[in-house]
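Work through the exercises below with the sequence and the model in view. Each task is followed by a solution in steps.

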Amino acid sequence: MKIVLTGGGTGGHIYPAIAVGQYMKEQVPDTKLLYIGTANGLESKIVPKQGIDFETIEITGFRRSLSFENIKTIMRFFKGVKRAKKLLRQFGAEAVVGTGGYVCGPVVYAAAKLGIPAFIHEQNAIPGLTNKFLSQYADAVGVSFEQSQAQFPKAKRTIYTGNPCATNALLAKSGNGFASLSLPRDTKLVVMAGGSRGAKVFNEAMIEMAPRLAQFPGIHFLFVTGEIYYENAKNTMSENGALNQKNVAVVPYLHNMTEVLCDSSLVVSRSGASMLAEIAALGRPSILIPSPNVTNNHQEANARSVVDAGAAELILEKELTGSMLLDKITKLLADEQRLLQMEAASKRLAVPDSALRIVQALQMIKEAKR
């Protein structure tokens, strides 16, 4: 089967698409994949490293205020549709899976116009503009949060699939994360990550609390800063003495994040949908600090659904300080019963067969179009 994947801009759009593709390859080894993204998006760095063929189109998003740039965006959209049709025909696409971001617009629209089965996946509790627009053209819409189904009134059908990153996360083997960090298997590990690109305010809170982590000699703290913040974070933590502590480490990025999450005792993170899916699949308790700098404040909606289920605690960015974060971490690490309750609640939120549900939806769409 020849599958086209598309989604871009952030890791939250890219990794679910990759997860679906990888699952398809595992189930049907002769599956051929093509990923269509943008040349400047994060997908251009991530996807080729996965060994997936990668092509680009040019597209930008609409500005929310009246602007001449929006006219240019419309022109780029139809130019992108033309380019997408050419790529879909050349590849012989049998189905298209879109996971959000501006690049999905012309690709999924082109597939619909060519009569190619098209499925879009919405990761967040509050849908993005592109997926809302595409829902009337796609053959089916998959959602990560069950309550999101009602937000696609124009969709032909909606399916509660969960997030396919959950399926991928379950492939992680216990101990591999510890080994990659050169830590003993019995180490208690707290992972702190501000998203695939990192976050300034998030990192500032981590840096503020870092010198005080010597009070936890049996617990290792890993700070994942994002590449653009790494040098500053490392230098500052060297100056304040935090990196002289044997239980503190800082890295720019983790290519084996799921393996490290698998071996963690507590996760402190943003509340992007892919990260939440991985945390749930692995049954990790978490402290969530949603980014306010996202469309419709969807990360807070994501986080509150997890908090309401008893699987996480919430800190709003406007309230975040290093002292507050340290206080929450300290209280949780001292309350083993609470951590166990959060683990159980986290697992109840997981949809481990998410990738299978999406593949079954693709098969159903294909059969319906015959």
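Helices (H or I, at least four residues) and strands (E, at least two) are DSSP runs, numbered from the N terminus. The model is predicted, with local features needing pLDDT of at least 70 and side-chain atom pairs counting only at pLDDT 80 or more, while totals for chains, interfaces and linings use all residues. Residues are numbered from 1 along each chain as its sequence is written, and side-chain values use heavy atoms, with hydrogens and water left out.

**Exercise 1. Positive phi**

Task: Find where Ser182 lies and state whether Ser182 is buried or exposed.

Solution. Step 1: Ser182 belongs to the loop between α7 (176-180) and β8 (188-193). Step 2: buried means under 20% relative accessible area, exposed over 50%, and partly exposed in between (1.4 Å probe, protein chains only). Ser182 counts as exposed because its relative accessibility is 66%. Step 3: the phi of Ser182 is near 60 degrees, a positive value in a residue other than glycine. Most residues other than glycine have a negative phi.

Task: Do the same for Asn297.

Solution. Step 1: Asn297 sits in the loop between β12 (286-288) and α12. Step 2: with a relative accessible area of 29%, Asn297 is partly exposed. Step 3: Asn297 is not a glycine, yet has a positive phi of about 50 degrees.

**Exercise 2. Parallel strands**

Task: Trace the pairing from β4 to β7.

Solution. Step 1: two strands pair if DSSP finds at least two bridges between them. Step 2: strand β4 (residues 95-98) runs parallel to β5, and 3 bridges join them. Val96 stands opposite Ala118 in β5. Step 3: strand β5 (residues 118-122) is joined to β6 by 4 bridges, again in parallel. Phe119 has Ala140 in β6 as its bridge partner, and Glu122 stands opposite Val143 in β6. Step 4: from β6, 3 bridges lead to strand β7 (residues 158-160), and these two strands run parallel. Gly142 has Ile159 in β7 as its bridge partner.

Task: Give the handedness of the crossovers on either side of β5.

Solution. Step 1: a crossover is right-handed if, with the strands pointing away from the viewer, the path from the first strand over the helix to the second runs clockwise. Step 2: β4, helix α4 (residues 104-114) and β5 form a right-handed β-α-β unit. Step 3: the chain passes from β5 through helix α5 (residues 129-134) to β6, and this β-α-β crossover is right-handed.

Task: Decide which residues of β5 and β6 are on each side.

Solution. Step 1: in β5, Ala118, Ile120 and Glu122 are on one side and Phe119 and His121 on the other, all of them buried. Step 2: in β6 (residues 140-143), Ala140 and Gly142 point one way and Val141 and Val143 the other way, and all are buried.

**Exercise 3. Cysteines**

Task: How many disulfides are there?

Solution. Step 1: a disulfide is a pair of cysteine sulfur atoms within 2.5 Å. Step 2: by this rule the count is 0 disulfides. Step 3: Cys104 is in no disulfide, and its nearest cysteine sulfur, that of Cys165, is 14 Å away. At 0% relative accessibility, Cys104 counts as buried. Step 4: the sulfur of Cys262 is too far for a bond because the closest cysteine sulfur, in Cys165, is 15 Å from it.

**Exercise 4. The second largest pocket**

Task: Describe the second largest pocket and its lining.

Solution. Step 1: on a 1 Å grid over the protein atoms alone, a cavity is a set of points where a 1.4 Å probe fits but cannot get out, and a pocket is an open set with protein on both sides within 12 Å along at least five of seven lines; lining residues have an atom within 4 Å of a point. Grid points are joined across faces, edges and corners, and a volume is the space filled by probe spheres set on the points. Step 2: the volume of the second largest pocket is about 330 Å³. Step 3: 23 residues line this pocket, and the closest to its centre are Ser144, Phe145, Ala280, Val306 and Leu349. Step 4: α11 (273-282), α12 (298-308) and α14 (336-349) are the elements that give two or more residues to the lining. The largest share, 5 residues, comes from α11.
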